[in-house]
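Please open the model in the viewer and keep the selection panel at hand. The tour proceeds by selections, each followed by a description of what is there.

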Amino acid sequence: LSVSPNGLIVLGALLSWIVLLPHSYLWTKISEKYQRSAADYVFASRVLPPAIGVGVGLVFGISQMIFDAAIVYDGVGQLQTGFSALAVNFGNPYASIASTLSNPYVILLVGALTFSTVIAINIFLPKYTNHIMGGVTIIALITFVLAGALMHFVTPSAINSAGFDYSSIVSSASKAVPLFTNPILATLGLMVFTASFLPFVNGATSVAGEVRGGSRSFKIGVFGALIVSGLLITYFIASSVSSLQPAFFIGAGVLSPTSSSYSALLNPIFDTVVAFKSLPLDLFLVIGSYFWYLAIMFAVALFVSRYFMAIAFDKAMPTIVSYVSERFHSPVVAHLIDEVITIGSLVAITVTPLSAVFFYGMDTADAMALLFGFIIVIIASIVANIRGNGMELGNRGLMLVISVIDLVVMSLYGYIWFGNSTVYLGIVMNPETWTIIASPFIAGIVIYYVMRWYRLRKEGIDIKYTFTEIPPE
């Protein structure tokens with residue numbers, strides 16, 4: 001808000017998911033037609049040159065692992081903020097816990113242990129993973145809805161009682177320097193901050209081969225999920241600015257570089273905890289808000305493994321990557337690849353100098369997926385509908401229009417993100433950062449040609465013919 005103080009906040013929240021409806025519809029149609037694991041990868045690799053498709057598959061897999069690393073990092077940060085709010089109300093031991101959780105090595109340790117537990121559950125308890133993930137998601141949703149409702153009742157006096165000067169924070173909003181002077185552009189600027197929607201549009205698509213219920217399931221899992229999550233986000237934001245005026249959050253953003261305590265005010269859990277001094281309620285909000293991140297970890301760990309399995313099934317990766325344990329019935333190797341890359345990314349964004357170009361990891365991942373994943377799949381849809389050779393996704397005219405609209409929206413995201421990368425991505429775009437963002441796509445192309453050469457020489461198989469047909473169910 002501090003960089004778009006002249007934007008319309010609730011409208012920006014609404015637009016953030018409304019403009020993605022064509023995108024979601026396109027992925028729904030991909031899921032319906034290509035009911036295979038990593039269906040968008042399967043589609044792109046059959047319409048476009050296989051090397052491009054493998055690059056796309058690797059981008060979706062690796063970008064989601066980097067996204068997951070940022071989620072793991074943020075989850076511990078959420079706990080730290082929550083316990084710092086408990087410290088305001090109740091002092092120790094919560095102040096000590098908050099201080100401990102601010103140590104980068106503790107963040108790494110807690111995050112690594114949590115994520116490793118998620119991976120272990122996926123490997124050793126696959127029969128129960130969906131049930132566990134469902135339980136975690138329910139707790140996350142209850143906490144989210146409750147926190148949103150409570151934000152409506154957080155008053156300026158509650159902020160003052162927590163040791164802040166509400167009026168001073170609000171007055172600091174006048175010092176905000178708009179990124180865009182035009183209110184329309186400022187609102188669009190707020191809209192594209194909600195990049196967190198993007199990785200989940202293709203969530204159900206990644207497991208399309210395992211979804212039962214046909215077309216209806218995909219309409220609910222892809223299209224319906226976007227609408228529900230969009231409405232929840234809009235509700236949460238609208239509730240947050242209904243009592244504490246937008247100028248409060250703008251001012252807190254302006255002051256946050258001067259003190260981390262002001263940054264905490266931008267977190268609704270901090271605001272609700274300091275406002276409602278009930279230890280059972282506050283503990284539920286703090287711990288329950290960690291489930292927001294835990295639910296995402298479970299979902300993304302499931303999605304990632306399917307991309308690696310699909311690429312390996314096409315023989316563009318070593319066959320062992322697609323290995324499914326006969327005992328546990330889970331893709332062990334794919335999950336272990338996820339573990340190694342995600343923890344490696346977590347190390348990069350917590351305790352290494354690379355964090356300067358890698359952080360903020362969530363937005364780095366979104367940038368990868370946008371440029372070298374989503375946009376290329378959209379181009380594949382345009383090509384398929386123009387050719388009309390059986391690869392199109394339904395009514396050619398309708399899908400061509402939807403694909404073009406989606407391409408325009410994704411291009412707008414890219415234009416704003418990369419044109420203002422220090423604001424939206426937290427990084428300066430230079431050869432080093434461009435290399436990081438492009439590396440999974442380039443690696444995918446190289447891997448395809450290396451594996452094609454290897455299998456042709458060692459096995460007498462040209463894997464390019466694998467990409468002329470749809471994988472069996």
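Is His329 buried or exposed? His329 is exposed, with a relative accessible area of 59%; buried means under 20% relative accessible area, exposed over 50%, and partly exposed in between, with a 1.4 Å probe and protein chains only. The model is predicted, so local features need pLDDT of at least 70 and side-chain atom pairs count only at pLDDT 80 or more, whereas totals for chains, interfaces and linings use all residues. Residues are numbered from 1 along each chain as its sequence is written, and side-chain values use heavy atoms, with hydrogens and water left out.

**The loop between H17 and H18**

Keep His329 selected: its place is the loop between H17 and H18. Helices are DSSP runs of H or I with at least four residues, and strands are runs of E with at least two, numbered from the N terminus. The phi of His329 is positive, near 55°, in a residue other than glycine. Next select Lys315, which is in the loop between helix H17 (279–313) and helix H18 (332–351). Lys315 has a positive phi as well, near 70°, and is partly exposed, with a relative accessible area of 29%.

**Helix H4 and what follows**

Select residues 50–90, which form helix H4. The expected span of a helix is 1.5 Å times one less than its number of residues. For the 41 residues of H4 this gives 60 Å, and the end C-alpha atoms are 59 Å apart, which agrees. H4 is mostly covered, with 35 of its 41 residues buried.

Proceed to Gly91, which follows H4 and has a positive phi near 70°. Then select Asn92 and Pro93, which are joined by a cis peptide bond with omega about 10°. Pro93 lies in the loop between H4 and helix H5 (94–100).

**Aromatic pairs**

A pair of aromatic rings is described by the distance of the centres and the angle of the planes. Rings of Phe, Tyr and Trp (its six-membered ring) pair if their centres lie within 6.5 Å; planes under 30 degrees apart count as stacked, over 60 as edge-to-face and the rest as tilted. The whole structure holds 20 aromatic pairs. One of them is Phe90 with Tyr94, an edge-to-face pair at 6.4 Å centre to centre and 65° between the planes. Phe90 is partly exposed at 30% relative accessibility, whereas Tyr94 is buried, with a relative accessible area of 14%. Now select Trp27, Phe60, Tyr307 and Phe374, which form one aromatic cluster.

**Helix H2**

Trp27 leads to helix H2, where it is among the buried residues, including also Pro22, His23 and Leu26. Ten of the 13 residues of H2 are buried, so H2 is largely enclosed by the rest of the structure. Select residues 21–33 to see the whole of H2: the expected span is 18 Å, and the end C-alpha atoms are 18 Å apart, which agrees.

**A nonpolar patch**

Select Ile138, Ile139, Ile142 and Phe284, which make a nonpolar surface patch of about 340 Å². Such patches are made of residues with over 30% relative accessible area and no salt bridge, with like charges joined within 9 Å and nonpolar side chains (Val, Leu, Ile, Met, Phe, Trp, Tyr) within 5 Å. A salt bridge is a side-chain nitrogen of Lys or Arg within 4 Å of a carboxyl oxygen of Asp or Glu, and accessible areas come from the Shrake-Rupley method with a 1.4 Å probe; for residues, only the protein chains shown count as cover. Helix H7 (residues 126–151) gives the most to the patch, with three residues. Ile139 is found in H7 and is partly exposed, with a relative accessible area of 32%.
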